[in-house]
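Biologist: I should like a close look at a single part of this model, namely the interface between its chains. Please set out in one connected account what can be said about it.

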Amino acid sequence: MIDHTKVAEIVVVGAGMVAHRFVESVLTRADSAVRITLIGDESRAPYDRVGLTSYFSGVAPEDLALAPDVFADDRVEFISNDRVIHIDRAARSVRTRSRREFRYDRLILATGSYAARVAVDGSDLPGCFVYRTLDDVQSMRRFVARRQAELGRTLRGAVIGGGLLGLEAAGALQALNIESTVVQASDRLMSAQLDFAGGSMLRQLIEAKGIAVRIQSRTTRLDPDDSGAVTALEFENGDFHRADVVVFTVGVRPRDELARGAQLSVHPRGGVLIDECCRTSDPAILAIGEVANFDGRCVGLVAPGYAMAEVAATLIVGGEATFPGFVESTKLKLSGVEVASFGDAFARTDRALDVVYSDPVAGVYKKLVLSDDAQTLLGGILVGDASAYGSLRPLIGAQLGTDPVAYLMPEGGVDAPSGQLPDEAVVCSCSNVTAGRIREAVHEEGCTDANAVKACTKAGATCGSCVLMVKKVVGQELTKLGQDVSHALCEHFDMSRRQLFDAVRVAELTTFSAIIERFGRGRGCDICKPALASILSVLVGDHVLDGENASLQDTNDHVMANMQKDGTYSVVPRMPGGEVTPAGLVTIGQIAQDFGLYTKLTGGQRIDMFGARLEQLPIIWQRLVDAGFESGQAYGKSLRTVKSCVGSTWCRFGVLDSVGMAVQLELRYRGLRAPHKLKIGVSGCARECAEARSKDVGVIATETGWNMYVGGNGGFTPRHAELLASDLSDEALVQAIDRFFMYYIRTADRLQRTASWCEELDGGIDGLRAVIFEDSLGICADLDAAMARHVDNYEDEWAATLRDPDKLARFRSFINAADVPDPSLAYVPTRGQLRPATAEERASNSVVIAGTTLAVRS
Amino acid sequence: MTLVTEQSTPVRVCAIDDLVVERGSAVLLGDVQIALFRLPDGAVHAVSNLDPYSGAHVMSRGIVGTRGDAQIVISPMHKQVFDLSTGECLDAQGKQLRHLAVWPVRRDGDDILLLPGPGATNTTEEH
Ligand code: SRM
Ligand SMILES: Cc1cc2nc3c(=O)[nH]c(=O)nc-3n(C[C@H](O)[C@H](O)[C@H](O)COP(=O)(O)OP(=O)(O)OC[C@H]3O[C@@H](n4cnc5c(N)ncnc54)[C@H](O)[C@@H]3O)c2cc1C
Ligand code: SF4
Ligand code: FES
């Protein structure tokens with residue numbers, strides 16, 4: 001224990017994830033004076049190693065940094081880029097590479113592990129990498145870019161080691177556009193976590209993703225090409241495999257050399273031996289994280305490391321806590337492939353039973369390991385569908401309470417974990433947060449959503465795999481409190497969107513200021529302002545930039561274009577039904593060429609032009625409007641596109657004119673603002689080439705008229721539209737869509753697509769039918785009138801803007817330099833067009849083109 | 001808040017009526033981009049136009065509003081929330097906190113003046 005009369009000197013060696021957690025924990029608990037010196041040999045502050053792979057999907061290194069507030073605390077000194085090379089136990093001091101000495105009362109070893117390479121010839125060749133640090137992934141990315149340019153073809157990559165990390169790395173290679181192969185020495189992938197059946201199923205799933213797998217392949221050497229860089233692997237059986245990039249993920253080795261040098265007890269297979277209080281054989285020295293060996297094992301997961309950090313911090317501040325031992329639960333972080341393994345996955349417990357569900361066609365394998373009475377959950381394996389992981393993991397060691405089979409059924413079958421988790425169940429294993437702790441955060445600390453709970457308890461802050469479970473627990477608790485999950489739009493309005501719509505309509509208010517004064521408070525935000533802009537657009541119908549309306553619009557609606565990642569915009573002219581004349585195509589092509597815009601066909605059957613600067617939008621649109629184009633409202637929560645198939649006009653199967661109908665519908669509903677975007681599809685026969693049933697309204701031709709489907713959705717939660725009515729005439733179809741849309745616009749929540757609105761509708765689809773065709777609510781005349789007003793008032797937003805100098809003034813790039821382009825823009829050519837330069841390309845300064853072609857105002 | 005120590009002369013950037021209430025405007029001073037906001041109460045605030053989260057110069061294009069008593073602008077890119085008078089980030093959307101530099105705004109009759117040079121931040125973190 002620390003002598004409370006003087007400042008306790010704590011030195012932490014290694015500035016990784018576990019060290020960071022330790023420092024954070026000590027700072028929040030220490031009530032006596034401490035001074036902490038944190039020494040790390042990487043060139044940066046502690047970062048989220050678990051999230052390392054997200055670097056390849058564009059996450060910047062800075063965004064991986066762990067909470068920096070600990071370094072702002074004046075009790076902490078952080079030294080980066082220096083390595084501790086010696087411990088003098090007698091003098092209680094450490095010495096660093098730069099010859100600095102630090103005295104300690106307590107020394108914490110948190111030096112983590114080394115990533116191992118296979119000890120064969122050539123494993124150090126250029127092009128060979130390990131996968132552990134930000135430096136590793138950055139140099140890998142640089143190498144790949146250079147090598148790709150050198151060889152002028154798609155690169156081939158090999159990942160040696162088919163465990164969790166290896167599969168993650170294979171995904172990362174794929175993200176870099178490299179053909180990747182995973183090479184595994186044993187008989188299956190993830191052999192530490194999966195049994196043979198699970199590993200084989202996983203292999204199928206990985207191969208289906210386009211990643212090749214070689215099992216039972218031992219690499220014996222790596223060969224260089226003429227440039228000296230790696231070019232091939234050779235295997236024990238004489239086989240040969242081409243590879244331009246090789247990543248070793250063959251396991252980790254504890255960095256225990258300091259401890260060995262200081263004659264601390266170390267396990268023969270590596271790792272500094274600790275007791276249950278994290279003390280090493282010298283009680284003044286503690287070891288935590290991957291370097292610590294407890295009970296004969298080191299474990300390469302962050303959760304037990306965090307648990308050790310808490311134990312060590314408790315000890316330092318004079319409390320008592322013990323490390324309960326390792327629970328190994330892991331989930332593969334490779335998009336599109338679900339694998340989880342938890343607890344006693346191999347049924348090593350005496351007389352354990354297992355229950356297995358396997359569906360080779362769907363690529364699903366699930367196994368639960370249970371105690372001999374089939375009551376207590378011991379562990380399990382989930383491959384192909386790991387949706388039950390979040391609810392099962394917290395139950396390890398607890399009674400299942402239901403038939404275990406319920407947990408194994410396909411997703412959506414049975415909602416197994418509907419019951420309550422016991423208080424002691426660990427929901428977030430990264431930060432060891434129990435269901436009870438989350439409940440406390442809701443009841444005693446006033447948290448009302450998963451984000452607040454994250455800030456308060458750290459649940460969900462690391463790997464994120466528990467977030468859905470956290471949400472669920474929070475939801476249950478709020479319901480208990482009678483706060484049935486608030487419908488308030490935001491802090492400025494207590495009403496839901498639907499209530500607000502009615503309130504504004506009845507009060508006949510027409511400005512934001514009047515509405516917020518009467519029904520709300522403050523001056524609004526990014527939630528209520530656009531929602532009111534949409535409501536006012538339907539009820540009043542003014543231009544998006546008229547008067548106060550303009551200040552309510554989301555940035556996209558405000559400039560009538562879609563903001564892109566570098567602050568430029570995309571331009572999408574409307575092409576009703578996907579129909580466009582050759583002359584129209586020429587115009588678009590010419591405009592794109594004159595302004596140096598990147599062009600691409602959208603998923604909505606029209607053309608998108610990217611990279612237009614704010615001050616260019618009016619000149620581009622002037623040319624489009626002159627050529628007869630109108631705004632496509634790709635930016636608004638409004639009608640997007642009406643997708644069509646070619647239909648009876650050309651197609652030998654078509655029974656009705658689907659293009660004609662699509663054009664008619666698109667022209668009718670263009671510009672209609674709604675709680676979320678609206679899409680329609682029209683197919684000329686039941687073959688459904690327009691994929692109409694994935695749209696908010698799907699129209700499909702039959703010999704006897706149109707069938708109308710509603711509530712379809714692609715996107716995040718796909719849903720097929722349901723049949724609302726059949727055999728409609730053109731007029732009946734249009735009237736039914738009018739009513740459907742207006743009823744939705746009046747009653748849906750903010751950002752609720754028709755799919756979830758239909759699902760929640762009182763009376764379901766039958767109720768909807770009664771409203772639309774039998775006028776069961778007596779509102780049809782109202783709905784028809786509202787739509788007629790929309791159709792009558794429609795005016796192209798861009799044409800109107802171009803006529804109005806006040807509106808055009810909004811498109812100055814700078815108020816003091818109206819036509820000067822944003823000087824920070826930079827571009828790189830790719831496949832014959834320009835795209836925004838990445839941060840790295842800007843930094844390397846090699847391939848950058850500043851700004852796009854300058855256009856002359858005509 | 002630390003004060004700008006560098007001696008520089010204020011530059012006129014626009015007239016008050018060039019600014020739209022509750023909608024930002026960008027200003028270019030040398031290489032520096034600044035976002036100006038005019039609020040309903042007549043106050044004018046100047047913060048960095050660079051969104052520290054996306055790296056794009058877009059703050060002037062965010063929605064303006066309030067959070068509690070604070071006057072705020074919300075990044076149009078990924079919705080981080082900043083206090084217009086201090087530049088402080090009030091909601092990092094789960095990211096690490098990064099703040100906006102702020103510039104003192106001077107009014108001379110109808111003219112809006114800014115001091116060129118780096119803005120001031122009220123914290124030690126990078127922006
Ligand atoms: C451009 C385009 C991709 C492409 O290059 O093909 C696209 C691009 C965007 N989509 Fe999309 N979507 C595009 C077709 C689609 C489709 C396909 C379709 O319409 O047939 C879908 C699935 C169908 C559906 O909506 O159900 C689609 C489902 C989404 C979703 C998920 C919606 C959902 O309900 O889950 C979002 C996110 C959202 O809206 O909240 C989204 C959001 C976006 C945003 C707005 C993301 C953003 O905030 O920047 C992109 C902006 C476009 C831009 O900057 O110009 N996009 N998006 C397509 C434009 C079509 C058009 O001509 O207007
Ligand atoms: C790509 C990847 C994905 C992962 N995914 C997951 C996952 O999903 N779930 C999970 O639980 N775990 C995962 N892990 C493992 C997890 O990152 C580690 O368990 C965790 O980082 C261990 O923390 P640590 O602090 O013990 O070691 P580290 O984070 O390795 O930190 C040790 C630090 O000490 C430094 N150091 C070493 N010796 C010295 C010295 N003598 N002087 C100064 N500094 C020194 C090292 O350079 C390093 O910065 C993943 C790891 C990787 C690489
Ligand atoms: S849906 Fe029918 S009419 Fe339309 S293109 Fe396909 S086959 Fe032809
Ligand atoms: S389990 Fe990893 S963040 Fe909660």
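Modeller: Two residues are in contact when heavy atoms of theirs lie within 4.5 Å. By that rule, 37 residues of chain A touch 33 residues of chain B. The model is predicted, so that local features need pLDDT of at least 70 and side-chain atom pairs pLDDT 80 or more, while totals for chains, interfaces and linings use all residues. Residues are numbered from 1 along each chain as its sequence is written, chains are lettered from A and ligands numbered from 1 in the order written, and side-chain values use heavy atoms, without hydrogens and water.

Between them, chain A and chain B bury about 2,900 Å² (accessible area to a 1.4 Å probe, lost on being put together and summed over both). Carbon and sulfur atoms account for 52% of this buried area.

Four salt bridges (a side-chain nitrogen of Lys or Arg within 4 Å of a carboxyl oxygen of Asp or Glu) link chain A and chain B. Over all chains, the structure holds 64 salt bridges. One of the salt bridges in the interface pairs the side chain of Lys529(A) with that of Glu22(B), at 3.4 Å from N to O. Further, 18 residue pairs across the interface, both residues at pLDDT 80 or more, are in polar contact (N or O atoms within 3.5 Å, within protein one able to donate a hydrogen and the other to accept it; residues adjacent in sequence count only through side-chain atoms on both sides).

On the side of chain A that touches chain B, the elements giving two or more residues are α15 (528-539), α16 (549-552) and α17 (555-559) of chain A (helices are DSSP runs of H or I, at least four residues; strands are runs of E, at least two; both are numbered from the N terminus). The largest share of that side, three residues, belongs to α16(A).

Arg523(A) deserves particular attention here. Arg523(A) sits in the loop that connects α14 (512-519) with α15 of chain A. The side chain of Arg523(A) reaches the side chain of Glu22(B) in a polar contact of 2.8 Å. Glu22(B) is thus bound up with two residues of chain A, for its side chain also forms the salt bridge with Lys529(A). Within chain A, the side chain of Arg523(A) makes a polar contact of 3.2 Å with the side chain of Ser513(A). With neighbours within four places in sequence left aside, Arg523(A) is in contact with several residues of its own chain, among them His492(A), Phe512(A), Ile516(A), Lys529(A) and Glu548(A). On chain B, the contacts of Arg523(A) are Glu22(B), Pro40(B), Val64(B), Gly65(B) and Thr66(B).

That list leads to a sheet of chain B. Strands β5, β6, β7 and β8 of chain B form an open sheet in the order β5-β6-β7-β8, with antiparallel pairing (two strands pair if DSSP finds at least two bridges between them). Strands β5 (63-67) and β8 (89-91) of chain B are at the edges with a single partner strand each, so one side of each has no neighbour in the sheet. Strand β7 (residues 81-83) of chain B runs antiparallel to β8(B), and two bridges join them. Val81(B) has Asp91(B), in β8(B), as its bridge partner.

Conventions:
Buried area is the accessible area (1.4 Å probe) that two parts lose on being put together, summed over both.
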